[in-house]
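The following exercises ask the reader to work through a molecular model with the sequence and the coordinates at hand. Please attempt each task before reading its solution.

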Amino acid sequence: AAMTAPTAPAPTVPGGSVPATPGAPSVARRANPFVAVPEILRVTFRQLLGRRRTLLLLLLCAVPVLLAVLFLLVAETDPNRVVNVLYTTLLITVILPIVAVLVGTIALGGEIEDGTIVYLVAKPIARWQIALAKLLGASIFCGLLTGASALFAGLIALSGLAGGMDATIGFVVASIVGSFCYCSLFIAVSL
């Protein structure tokens, strides 16, 4: 019987576990730049949900829903009036910017207030990853609050009116897009 010599393990690509082909150029794998984003998002959501300001934001976002109930009780049938008062004047012009400024400043301000920004910046994480995660967290949180407010207010006040559901869907989308735009602005200002 022929004896075979023990073989050495196959060489691997630096930074990875993919075996390198003998004679092929060595290609290092780059680390995924978005690895830290989910963890920073989780911390951001915890900061946003753990504040007393969140209760204020919930109450503020409940105002259009309460106003929609009032419109329903007084049997307001003019969809233009309902949309103008409920969405254009109140939600998009007043509530969305207030919620976005509070959420946008809490996203980074919470780190500064808690004193954890020093530890976050000291980690080997690019600053743009921190800013991106904070922006995504603030935008998602703000979009959920204002989008839910727009949805519930529309379902209550506009569901039986002609074009009511189209207006509701349009303003839900507008509040989500507006949340991203406003949070981008306010996070940039808070840097």
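Each exercise below consists of a task and a stepwise solution; the model is predicted.

**Exercise 1. Overall architecture**

Determine how many helices and strands the protein has, and state what share of its residues is buried.

Solution.
Step 1. The protein contains six helices and zero strands.
Step 2. Along the sequence, the pattern therefore reads α-α-α-α-α-α.
Step 3. Of the 191 residues in the protein, 36% are buried.
Step 4. Among contacts with a separation of 6 or more, 77% join residues 24 or more positions apart.

**Exercise 2. The course of helix α3**

Compare the end-to-end distance of helix α3 with that of a straight helix, and locate the kink in α3.

Solution.
Step 1. Helix α3 covers residues 79-114, which is 36 residues.
Step 2. At 1.5 Å a residue, a straight helix would reach 52 Å, whereas the end C-alpha atoms of α3 are only 46 Å apart.
Step 3. A kink of about 50° occurs in α3, with its centre on leucine 91.
Step 4. After α3 comes glycine 115, which has a positive phi near 80°.

**Exercise 3. The nonpolar cores**

Identify which elements build the largest nonpolar core and which residues touch the most other members.

Solution.
Step 1. The largest nonpolar core has 36 residues, and those touching the most other members are Tyr87, Val99, Val103, Cys142, Ala157 and Leu158.
Step 2. Two or more residues of this core come from each of α2 (53-73), α3, α5 (127-157) and α6 (164-190).
Step 3. Helix α3 supplies the largest share, 14 residues.
Step 4. Another core, apart from this one, has eight residues, including Val37, Leu41, Leu120 and Ala133.
Step 5. As a general background, nonpolar side chains tend to be buried together in soluble globular proteins.

**Exercise 4. Cysteines and the question of disulfides**

Establish how many disulfides the structure holds, and explain why cysteine 61 is not bonded to cysteine 142.

Solution.
Step 1. A search of the whole structure returns zero disulfides.
Step 2. The cysteine sulfur closest to that of cysteine 61 belongs to cysteine 142, but it is 7.4 Å away; this is too far for a bond, because a disulfide requires sulfur atoms within 2.5 Å.
Step 3. Cysteine 183 is likewise in no disulfide, its nearest cysteine sulfur, that of cysteine 142, being 4.2 Å away.
Step 4. Cysteine 61 is buried at 6% relative accessibility, and cysteine 183 is buried at 0%.
Step 5. Beyond its neighbours within four places in sequence, cysteine 142 is in contact with Leu96, Val99, Ala100, Val103, Gly147, Ser179 and Cys183.

**Exercise 5. Aromatic pairs**

Find how many aromatic pairs there are and classify the geometry of the pair made by tyrosine 87 and phenylalanine 171.

Solution.
Step 1. The whole structure holds two aromatic pairs.
Step 2. In the pair of tyrosine 87 and phenylalanine 171, the ring centres are 4.4 Å apart and the planes differ by 5°, and the pair is stacked.
Step 3. Tyrosine 87 belongs to helix α3 and phenylalanine 171 to helix α6, so this pair ties together parts 84 residues apart in sequence.
Step 4. Both tyrosine 87 and phenylalanine 171 are buried.
Step 5. For tyrosine 182 and phenylalanine 186, the centres are 6.0 Å apart and the planes are at 5°, so this pair is stacked.
Step 6. These two residues, tyrosine 182 and phenylalanine 186, are both in helix α6, four residues apart, or about one turn of the helix.
Step 7. In general, residues three or four places apart in an α-helix point the same way, because there are 3.6 residues a turn.
Step 8. Tyrosine 182 is partly exposed at 29% relative accessible area, while phenylalanine 186 counts as buried at 18%.

**Exercise 6. Consecutive positions in helix α5**

Decide whether alanine 148 is buried or partly exposed, and do likewise for serine 149.

Solution.
Step 1. Alanine 148 is located in helix α5, as is serine 149.
Step 2. Alanine 148 has a relative accessible area of 29% and is partly exposed.
Step 3. Serine 149, at 2% relative accessibility, is buried, because buried means under 20%.
Step 4. Apart from neighbours within four places in sequence, serine 149 is in contact with Cys61, Pro64, Val65 and Leu91.
Step 5. The last of these contacts, leucine 91, is the residue on which the kink in α3 is centred.

Key: Residues are numbered from 1 along each chain as its sequence is written. This is a predicted model: local features need pLDDT of at least 70, side-chain atom pairs count only at pLDDT 80 or more; totals for chains, interfaces and linings use all residues. Side-chain values use heavy atoms; hydrogens and water are left out. The expected span of a helix is 1.5 Å times one less than its number of residues. The bend at a residue is the angle between axes fitted to the seven residues ending there and the seven starting there. A nonpolar core is a set of buried Ala, Val, Leu, Ile, Met, Phe, Trp, Tyr and Cys residues joined through side-chain atoms within 4.5 Å. Buried means under 20% relative accessible area, exposed over 50%, partly exposed in between (1.4 Å probe, protein chains only). Contact means heavy atoms within 4.5 Å. Rings of Phe, Tyr and Trp (its six-membered ring) pair if their centres lie within 6.5 Å; planes under 30 degrees apart count as stacked, over 60 as edge-to-face and the rest as tilted.
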